[in-house]
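Me: I should like to learn how to read the features of a model such as this one. Could we begin with how a helix is placed against a sheet?

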Amino acid sequence: MPEGRESVAQGVAGGTAGRGASGSTLLLRGLRKAFTDVQAVDGLDLEVARGECFGLLGPNGAGKTTTIEICEGLTAPDEGTVELLGLNWRTGANELRQRIGIQLQETQFPDKLTVEETLTLFRSFFRRGIPVEESIRTAQLEEKRHARVGGLSGGQKQRLAMACALVGDPELLFLDEPTTGLDPQARRHLWDLVDGLKQAGRTIILTTHYMEEAERLCDRVAIMDHGRVIALGTPQQLIATVGGEDIVEFAVSTGETGSQEAGHAVVDAAELTAIPSVQSHRVDDGLHQLSVSELHTAVPRIFAALRAQGLHLSEFRTHSATLEDVFVRLTGRNLRDE
Amino acid sequence: MNKLELSSLYQLTLVRFRLVLREPEAIFWIFIFPILLAVGLGIAFRNRPADVLQVGATNPQLTQALAADKGLTAATMDEAAGTHALATGGILLLAIQEPGGVAYKYDDTNPDARSARLLADQAIQAAAGRRDAVHAANRLVHETGSRYIDFVVPGLLGMNLMGSAMWGLGFSIVEARQKKLLKRMVASPMKRWQYLVSFLLSRLAMLVIEVAAFLGFARLAFGVPFRGSLAELGVLCVLTSLAFSALGLLVASRAKTMEAVSGLMNLVMLPMWILSGVFFSASRFPAVIQPVVRALPLTAAIDAMRGNMLQGMNAGQMMAQVGILLAWIVVPFTISLRIFRWR
């Protein structure tokens with residue numbers, strides 16, 4: 001883990017409280033970007049404070065990568081303004097590139113270079129930064145220092161990409177889908193790394209389509225869909241908008257026929273939403289979802305209501321509400337409906 | 001880390017150098033292949049001692065007379081066997097004893113058979129007592145510099161410089177673009193000109209090894225002459241390599257896939273393999289297309305190298321070729337910088 005720096009204290013002190021035009025590290029206003037066949041970003045406003053870990057969450061094609069690449073100066077927006085660290089890409093591009101760290105979605109570093117050689121190369125681009133040694137340590141690649149990039153696992157390659165983003169000691173770090181395609185263990189490993197960077201006070205902007213990743217890592221999250229922000233807040237605030245802390249999912253059958261036809265049994269939803277602690281009901285392909293505020297009192301009443309309708313449960317489970325449920329409530333689709 | 005290690009241009013060049021040296025195929029094509037080609041051509045076109053021609057005769061006296069000439073080997077055979085041997089290429093000429101003298105049976109459209117006719121007649125007349133009216137002596141010339149291997153070595157050198165510069169730049173750049181590495185590099189504070197210059201620097205470093213190995217081999221194995229200034233030859237090699245690097249950069253400046261860039265590269269190089277006089281003189285092409293042939297960078301490079309190595313010409317005598325090479329450096333480089341796709 002990197003040691004605390006001066007910027008750490010400032011970053012933490014700045015916190016999420018002191019936001020505003022001057023205090024924000026990243027400021028996006030009225031951003032639009034169209035490609036030939038799609039409006040990738042459709043009027044986007046965002047503000048990220050110093051020291052914050054900010055997540056852009058959304059399904060593939062929501063415009064996350066286009067947004068982050070506009071922030072990184074790789075894509076020019078059609079409309080709108082981008083301000084980073086008080087600078088913009090038109091007049092301060094060279095300065096900005098020195099002060100931000102970038103991990104792109106699908107960079108393949110040369111297979112025949114070693115980890116250390118790759119990092120030494122990237123370090124040489126920056127006027128100031130951390131020693132290559134330290135970036136290797138931060139990314140926990142000490143044992144792979146002399147290994148060729150071609151022989152690294154997916155997780156190690158992602159950690160190398162992150163180390164390349166860190167060698168310039170950036171004030172602002174962009175991570176575009178840092179864990180996509182990794183196995184669960186490698187993903188948790190990377191999360192620990194990001195945790196360490198957060199604690200060191202770096203401002204981080206990451207995109208992901210894993211809601212658990214956004215919940216675990218981000219101080220604030222913007223949920224994106226079709227190039228717009230459809231919800232913005234801390235994960236807890238967003239989850240609270242679902243209306244209940246828990247989600248009850250069930251499927252029913254009429255009892256006589258097999259459970260195969262369960263989905264077609266008719267449930268009187270009004271009787272369920274009449275239960276005081278049930279906030280909402282939706283049904284998707286035979287699977288009913290209720291958002292519930294007091295699970296312990298709600299569940300017996302749900303059982304009773306279904307029995308009264310002559311229905312038998314073929315499936316029943318509950319889970320704490322997540323950002324996935326927020327997305328489902330807002331769009332009627334699942335995050336990973338692709 | 002010292003200052004040099006912190007220099008991004010040094011690091012970029014070092015990386016290019018490492019990547020080439022760690023690619024076994026590249027080593028083969030750049031260093032081994034031209035030497036193998038020179039060896040193969042050297043063997044195939046070596047200057048052999050003048051051929052001994054096979055002839056036949058219908059009686060032993062004629063055979064003996066023919067065998068007296070060092071340029072002929074003769075065998076005795078009857079006319080039927082001799083005719084068969086003529087038809088199958090076993091002999092070039094059959095001398096037939098006839099009542100009034102001797103008859104020669106041969107194919108007058110075959111140059112070797114015509115030589116055999118001259119030699120055979122001379123041998124038979126001499127055996128019968130003819131004396132030369134004028135005394136004649138032979139002074140033989142086997143000069144280095146006029147052999148095929150001398151001609152082809154500068155050609156192969158030019159072809160090799162073209163291939164290594166174009167593949168080296170074109171492939172590496174398109175690969176980096178395809179793997180999104182180029183995009184990652186331009187997102188960093190790397191200076192773009194340094195990225196391109198690093199290719200040229202590593203190319204020039206490689207050039208020293210490549211040219212020294214190939215020409216050293218040609219010198220040691222075949223005694224190929226270096227009649228002009230070695231320094232000027234070095235400058236010609238650098239100009240050639242820069243011209244083809246610029247062309248490689250141009251070819252790679254937009255292509256997004258390896259397939260596209262290979263196609264373009266072959267499209268650019270193929271005409272030069274044929275037209276630029278690598279294996280035979282470019283002056284054999286019709287006068288109409290000569291201006292085009294002369295304007296090709298490979299023709300200019302090979303002409304200048306042959307002028308230097310074989311004729312000992314100095315740079316002042318090759319300004320036309322040098323000018324063509326310079327134009328091929330400036331124009332493609334300027335265009336590619338304008339249209340280069342950085343992502």
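Reply: This is a predicted model. Helix 2 (residues 64-71) of chain A lies across strand 1, strand 2 and strand 4 of chain A, and its direction is at about 125° to that of strand 1 of chain A.

Me: In which order do the strands of the open sheet stand?

Reply: The order of an open sheet is read from one edge to the other. Here the sheet has 3 strands in the order 2-1-4 (chain A), and their pairing is antiparallel. Strand 2 (38-49) and strand 4 (79-84) of chain A are the edge strands, each pairing on one side only. Direction ignored, neighbouring strands of this sheet are turned by 15° against each other on average.

Me: How many bridges join strand 1 of chain A to strand 4 of chain A?

Reply: Strand 1 (residues 24-35) and strand 4 of chain A run antiparallel and are joined by 5 bridges. In strand 4 of chain A, A:Glu83 is the residue opposite A:Leu27.

Me: How should I read the interface between the chains?

Reply: The size of an interface is often expressed as the accessible area lost when the parts come together. In this case one may consider the contacts: 21 residues of chain A are in contact with 19 residues of chain B. On the side of chain A that touches chain B, helix 3 (89-99) and helix 4 (115-124) of chain A are the elements that give two or more residues. Helix 4 of chain A gives the most, with 5 residues.

Me: How do the residues on that side of chain A divide?

Reply: The side of chain A that touches chain B comprises 10 nonpolar, 6 polar and 5 charged residues.

Methods: Residues numbered from 1 in each chain as written. Chains lettered and ligands numbered in written order. Predicted model: local features only at pLDDT ≥ 70, side-chain atom pairs only at ≥ 80, totals over all residues. Contact = placed C-beta atoms within 7 Å. Helix = DSSP H or I, 4+ residues; strand = E, 2+ residues; numbered from the N terminus. Nonpolar A, V, L, I, M, F, W, Y, C, P; charged D, E, K, R; others polar. Pairing = 2+ DSSP bridges. Axes fitted to C-alpha atoms, helices over the stretch in contact; angles between N-to-C directions.
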